[in-house]
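Reader: I am new to this structure and would like to look closely at one single part of it before I try to take in the rest. Could you take me through that part slowly, and then show me how the surroundings fit around it?

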Amino acid sequence: MEIVILISQVLMGLALILAFVRVVRGPSLPDRVVALELFASIVVGLVGVHAISTEVSSFLDAAIVIALMGFLAAIGFARFLERGGPRDD
């Protein structure tokens, strides 16, 4: 099980780096918003794997809070763009 946890942490870390690159280099604001949502989802996955590896269930509460904050941020950005916010696409 330790090997599976290590492999999943490494792969999610790599995905986190690639999502960060998309946030920085994203050609338009909607692309950056999607990348930030992906970033939050990967962090939730990392926290979940850490909770499994340490057997501390309180980390799952933190993962739920991170997921809710990422969702609310994506909804806020979508409403901002829908109401005619600055677009560069």
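Reader: Please look closely at Glu-55: is this residue buried or exposed, and where in the chain does it lie?

Author: Glu-55 counts as exposed, because its relative accessible area is 72% and the cut-off for being exposed is over 50%. The model is a predicted one, and in it Glu-55 sits in the loop that lies between helix 2 and helix 3. Its backbone deserves a second look, since Glu-55 has a positive phi of about 60 degrees although it is not a glycine. A positive phi is also found at Gly-84, which follows helix 3 and has a value near 95 degrees.

To place this loop, it helps to step back to the whole chain. The protein chain has three helices and zero strands, and from the N terminus on its elements run α-α-α. Helix 2 covers residues 29-54 and helix 3 covers residues 58-82, with Glu-55 in the loop between these two helices.

On one side of that loop, helix 3 has 25 residues and reaches 37 Å from its first C-alpha to its last, which is close to the 36 Å expected at 1.5 Å a residue. Its buried residues are Ala-63, Gly-70, Ala-74 and Leu-81, and these pack against helix 2. Leu-81, to take one of them, is buried because its relative accessible area is 11%, under the 20% cut-off. Leu-81 also shows how distant parts of the sequence come together, for Leu-81 and Pro-30 are 51 residues apart in sequence and yet 8.2 Å apart in space, C-alpha to C-alpha.

On the other side of the loop is helix 2, where Arg-32 is found. Arg-32 counts as partly exposed, because its relative accessibility is 25%, which falls between the cut-offs of 20% and 50%. The C-alpha atoms of Arg-32 and Phe-20 are separated by 9.3 Å, the two residues being twelve apart along the chain.

Helix 2 is also part of what covers the buried residues of helix 1, and those buried residues are Ile-5, Ser-8, Leu-16, Ala-19 and Val-23. The 24 residues of helix 1 should span 34 Å at 1.5 Å a residue, and its end C-alpha atoms are 35 Å apart, which agrees. Helix 1 takes in residues 2-25, with Leu-11 among them, and Leu-11 is exposed because its relative accessible area is 51%. Together with Ile-3, Ile-7, Leu-14 and Leu-18, Leu-11 makes a nonpolar surface patch of about 520 Å². The spacing of such positions can be read with a general rule in mind: an α-helix has 3.6 residues a turn, so residues three or four places apart point the same way.

Seen as a whole, the C-alpha trace of the protein chain spans about 50 × 25 × 10 Å along its principal axes, and its radius of gyration is 15 Å, whereas a compact globule of 89 residues would have one near 12 Å. Buried residues make up 22% of the 89 residues, and the accessible surface comes to about 6200 Å², of which 73% belongs to carbon and sulfur atoms. Among the contacts between residues at least 6 apart in sequence, 55% join residues at least 24 apart.

Terms used: Residues are numbered from 1 along each chain as its sequence is written. This is a predicted model: local features need pLDDT of at least 70, side-chain atom pairs count only at pLDDT 80 or more; totals for chains, interfaces and linings use all residues. Side-chain values use heavy atoms; hydrogens and water are left out. Patches are made of residues with over 30% relative accessible area and no salt bridge: like charges are joined within 9 Å, nonpolar side chains (Val, Leu, Ile, Met, Phe, Trp, Tyr) within 5 Å. Accessible areas come from the Shrake-Rupley method with a 1.4 Å probe; for residues, only the protein chains shown count as cover. A salt bridge is a side-chain nitrogen of Lys or Arg within 4 Å of a carboxyl oxygen of Asp or Glu. Helices (H or I, at least four residues) and strands (E, at least two) are DSSP runs, numbered from the N terminus. Buried means under 20% relative accessible area, exposed over 50%, partly exposed in between (1.4 Å probe, protein chains only). The expected span of a helix is 1.5 Å times one less than its number of residues. Contact means heavy atoms within 4.5 Å. The radius of gyration is taken over C-alpha atoms; the globule rule is 2.2 Å times the number of residues to the power 0.38.
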